[in-house]
Number of protein chains: 2
Amino acid sequence: MITTAQLFKAISDQNRIRILNMLKERILCVCEIRTILGLANSTVSQHLRILKENGFIEESKDGKWVNYSLNIKSSDYRIIELLSLIPTFIKEEEEKIFQTDLRRINKIDRNIICGIS
Amino acid sequence: MITTAQLFKAISDQNRIRILNMLKERILCVCEIRTILGLANSTVSQHLRILKENGFIEESKDGKWVNYSLNIKSSDYRIIELLSLIPTFIKEEEEKIFQTDLRRINKIDRNIICGIS
DNA sequence: ATTACATTTCGGTAAATAACGAAATGGAAA
DNA sequence: TTTCCATTTCGTTATTTACCGAAATGTAAT
């Protein structure tokens with residue numbers, strides 16, 4: 001059983017919160033997230049592993065792509081609660097970065113972006 | 001403004017979750033918490049500083065004692081939400097440690113305990 | 001089969017965290 | 001004012017974290 005403290009630790013990083021915020025908009029692959037966050041592929045992969053291991057997201061492979069999505073069907077009440085809470089918490093923040101992320105997400109195409117930048 | 005990630009970081013430690021759980025029962029001083037957690041005074045003081053700086057708890061001095069309590073009057077919606085959520089999350093956990101903490105809290109007297117163990 | 005490419009794993013590094021004991025602080029009592 | 005004592009601050013250490021680039025993995029297309 002994942003402890004409550006551990007659950008909070010999994011979402012105690014700004015980049016992981018941004019990832020969850022973006023995944024609320026739509027399913028994303030590693031390279032799309034990498035493009036928005038400006039991090040190395042390997043770093044994004046690590047963040048996704050942490051979110052997955054703690055039950056916040058799911059992965060589904062589609063050929064060479066790995067698609068990540070929010071685990072909105074989780075049987076863990078705490079996950080459901082936190083996933084629904086985070087968007088309202090973000091709104092409470094003054095930061096514009098989360099809205100910028102969403103705008104950028106809807107403008108990128110993984111087929112163009114990946115492997116280039 | 002404290003970011004959402006930062007807020008989660010403040011409660012991403014098992015000992016700080018235990019402190020919040022105990023403070024739900026009643027106001028406590030450093031030495032009482034130290035006794036239950038089995039940590040050094042200075043370590044407990046640090047944990048309390050983090051919880052205070054992030055808005056989860058308040059302190060009020062009473063002579064040589066410093067009393068800590070939950071900041072249930074916070075104007076930050078996120079604090080209110082998290083403080084009410086944590087007890088339900090803990091219940092979801094299998095861990096008995098939180099209930100044991102509460103039982104022990106109600107058996108200790110700061111006047112007897114402090115300075116001895 | 002070979003190449004191409006998205007992703008993960010590995011090895012390493014710099015910074016952050018949690019812990020301690022010792023020294024400093026500040027209020028209460030002697 | 002001197003002493004006592006709860007707490008905080010300081011200095012240090014071991015561990016964890018976030019990050020990167022390079023190498024390994026696995027799938028698709030040539």
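Visitor: In which helix of chain A does Thr43(A) lie?

Guide: Thr43(A) belongs to a helix of chain A in a predicted model, where local features need pLDDT of at least 70, side-chain atom pairs count only at pLDDT 80 or more, and totals for chains, interfaces and linings use all residues; side-chain values use heavy atoms, with hydrogens and water left out. Residues are numbered from 1 along each chain as its sequence is written, while chains are lettered from A and ligands numbered from 1 in the order in which they are written. Helices (H or I, at least four residues) and strands (E, at least two) are DSSP runs, numbered from the N terminus. The helix that holds Thr43(A) is H4.

Visitor: Why is Thr43(A) classed as partly exposed?

Guide: With a 1.4 Å probe and the protein chains only, buried means under 20% relative accessible area, exposed means over 50%, and partly exposed lies in between. Thr43(A) is therefore partly exposed, because its relative accessible area is 31%.

Visitor: Which residues come nearest to DNA strand D?

Guide: A residue is near a strand if one of its heavy atoms lies within 4 Å of it. There are 25 residues around DNA strand D, and 77% of the strand's atoms within 4 Å of the protein belong to sugar or phosphate, the rest to bases. The nearest residues are Ala40(A), Thr43(A), His47(A), Ser45(B) and Tyr68(B).

Visitor: How many Å separate a phosphate oxygen of DNA strand D from an N or O atom in the side chain of Tyr68(B)?

Guide: Polar contacts here are pairs of N or O atoms within 3.5 Å; within protein, one must be able to donate a hydrogen and the other to accept it, and residues adjacent in sequence count only if both atoms are side-chain atoms. A polar side-chain atom of Arg16(A) lies 3.3 Å from a phosphate oxygen of DNA strand D, and a backbone N or O atom of Val66(B) lies 3.5 Å from one. For the side chain of Tyr68(B), the separation is 2.4 Å.

Visitor: Which element gives the most to the surface near DNA strand C?

Guide: Polar side-chain atoms of Ser45(A) and Thr43(B) lie 2.7 Å and 2.6 Å, respectively, from a phosphate oxygen of DNA strand C. Elements giving two or more residues to this surface are helix H3 (30-37), helix H4 (41-53) and strand E3 (65-70) of chain A, together with helix H2 (14-25) and helix H4 (41-53) of chain B. The greatest contribution, four residues, is that of H4(A).

Visitor: Which strands of chain A stand at the edges, and why is one side of each left without a neighbour in the sheet?

Guide: Strands of a sheet pair through backbone hydrogen bonds, either parallel or antiparallel. In chain A, three strands form an open, antiparallel sheet in the order E1-E3-E2, where two strands pair if DSSP finds at least two bridges between them. Each edge strand has a single partner strand, so one of its sides has no neighbour in the sheet; these strands are E1 (28-29) and E2 (57-62).

Visitor: What is the bridge partner of Asp62(A) in E3(A)?

Guide: E2(A) and E3(A) run antiparallel and are joined by six bridges. Asp62(A) has its bridge partner in E3(A), namely Trp65(A).

Visitor: Which residues touch the most other members of the largest nonpolar core?

Guide: A nonpolar core is a set of buried Ala, Val, Leu, Ile, Met, Phe, Trp, Tyr and Cys residues joined through side-chain atoms within 4.5 Å. The largest has 67 residues. The members touching the most others are Phe56(A) and Phe56(B).
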